[in-house]
Amino acid sequence: MKVSLPTSFMVKARERDCEISGYLQMKDRRWRKQWLEVAEFALYVFEKHEDVSAKRSISLPGYLVIYPLPESNDKSQFCLTHPGTGSVFFKAESEEAAMRWVEVFQNAVKLKSTT
């Protein structure tokens with residue numbers, strides 16, 4: 001059985017200009033290291049930076065960025081949340097890295113480009 005991916009997933013890692021890209025820990029049910037890219041006001045999620053297609057994409061406008069997390073003292077963690085779709089949690093390697101991702105996410109949810 002052949003499965004075709006929606007067009008939004010048919011994008012290669014590092015194929016386009018990104019606002020930001022890199023590895024973050026991402027939590028849906030459990031923490032997993034993922035390659036993430038923010039481009040064109042969307043978040044593209046890859047297993048690895050070498051992957052041929054994104055396994056998930058999230059259109060960012062309308063999301064709320066929560067940083068710092070009120071229930072955590074870890075300043076490297078932040079969250080994207082949207083009414084009706086739940087929350088996605090992220091953990092960067094450092095507080096400085098988290099702040100850069102948060103800045104890019106905050107601009108993307110408001111349809112602002114940083115480039």
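Visitor: Where do Trp101 and Phe105 lie, and how many residues apart are they?
Guide: Both are in helix α1, four residues apart, about one turn of the helix. Helices (H or I, at least four residues) and strands (E, at least two) are DSSP runs, numbered from the N terminus. One thing before we go on: this is a predicted model, in which local features need pLDDT of at least 70 and side-chain atom pairs count only at pLDDT 80 or more, while totals for chains, interfaces and linings use all residues. Residues are numbered from 1 along each chain as its sequence is written, and side-chain values use heavy atoms, with hydrogens and water left out.

Visitor: Fine. How many helices and strands does the protein chain come to?
Guide: One helix and seven strands. Along the sequence they follow the pattern β-β-β-β-β-β-β-α.

Visitor: What's the order of the strands in the sheet?
Guide: It's an open sheet with the order β4-β3-β2-β1-β7-β6-β5, and the pairing is antiparallel. Two strands pair if DSSP finds at least two bridges between them. At the edges sit β4 (56–59) and β5 (64–66), each pairing on one side only. From one strand to the next, the twist averages 35°.

Visitor: And where does helix α1 pack?
Guide: On the sheet: helix α1 (residues 95–109) touches β1 (20–27), β2 (31–39), β3, β5, β6 (77–82) and β7 (86–91). Contact here means heavy atoms within 4.5 Å. The direction of helix α1 makes about 100° with that of β1. For that, axes are lines fitted to C-alpha atoms, for helices over the stretch in contact, and angles run from 0 to 180 degrees between N-to-C directions.

Visitor: Back to the strands. How many bridges join β1 to β7?
Guide: Three, and the two strands run antiparallel. Gln25 stands opposite Lys91 in β7. On to β6 and β7: they pair in the antiparallel sense over six bridges, with His82 opposite Gly86.

Visitor: What does Gly84 do in the hairpin of β6 and β7?
Guide: Gly84 takes a positive phi near 90°, in a hairpin with three residues between the strands.

Visitor: And out at β4, how many bridges join it to β3?
Guide: Four bridges join β3 (residues 42–46) to β4, again antiparallel. Tyr44 has Ser57 in β4 as its bridge partner.

Visitor: Let's do aromatics. What counts as a pair of rings?
Guide: Rings of Phe, Tyr and Trp (its six-membered ring) pair if their centres lie within 6.5 Å; planes under 30 degrees apart count as stacked, over 60 as edge-to-face and the rest as tilted. That rule gives five aromatic pairs.

Visitor: Why is the pair of Phe90 and Phe105 tilted?
Guide: The ring centres are 5.5 Å apart and the planes are at 35°, so the pair of Phe90 and Phe105 is tilted. This pair links distant parts of the chain, with Phe90 in strand β7 and Phe105 in helix α1, 15 residues apart. Both Phe90 and Phe105 are buried, where buried means under 20% relative accessible area, exposed over 50%, and partly exposed in between (1.4 Å probe, protein chains only).

Visitor: What about the rings of Trp101 and Phe105?
Guide: Also tilted, because their centres are 5.9 Å apart and their planes at 40°. Trp101 is buried, as is Phe105.

Visitor: Which residues do ring pairs link into a cluster?
Guide: Phe78, Phe90, Trp101 and Phe105.

Visitor: Which residues is Leu24 in contact with?
Guide: Beyond its neighbours within four places in sequence, the contacts of Leu24 include Phe78, Phe90 and Trp101. Leu24 lies in strand β1 and counts as buried because its relative accessibility is 2%. Leu24 and Gln34 are ten residues apart in sequence and 5.7 Å apart in space, C-alpha to C-alpha.

Visitor: Is Val109 buried or exposed?
Guide: Buried, with a relative accessible area of 15%. Val109 is part of helix α1. Outside its neighbours within four places in sequence, Val109 is in contact with Leu60, Pro61, Gly62, Tyr63 and Val65. Val65 is 44 residues away in sequence, and the C-alpha atoms of the two are 8.1 Å apart.

Visitor: Last one: what share of the protein chain is buried residues?
Guide: 38% of the 115 residues.
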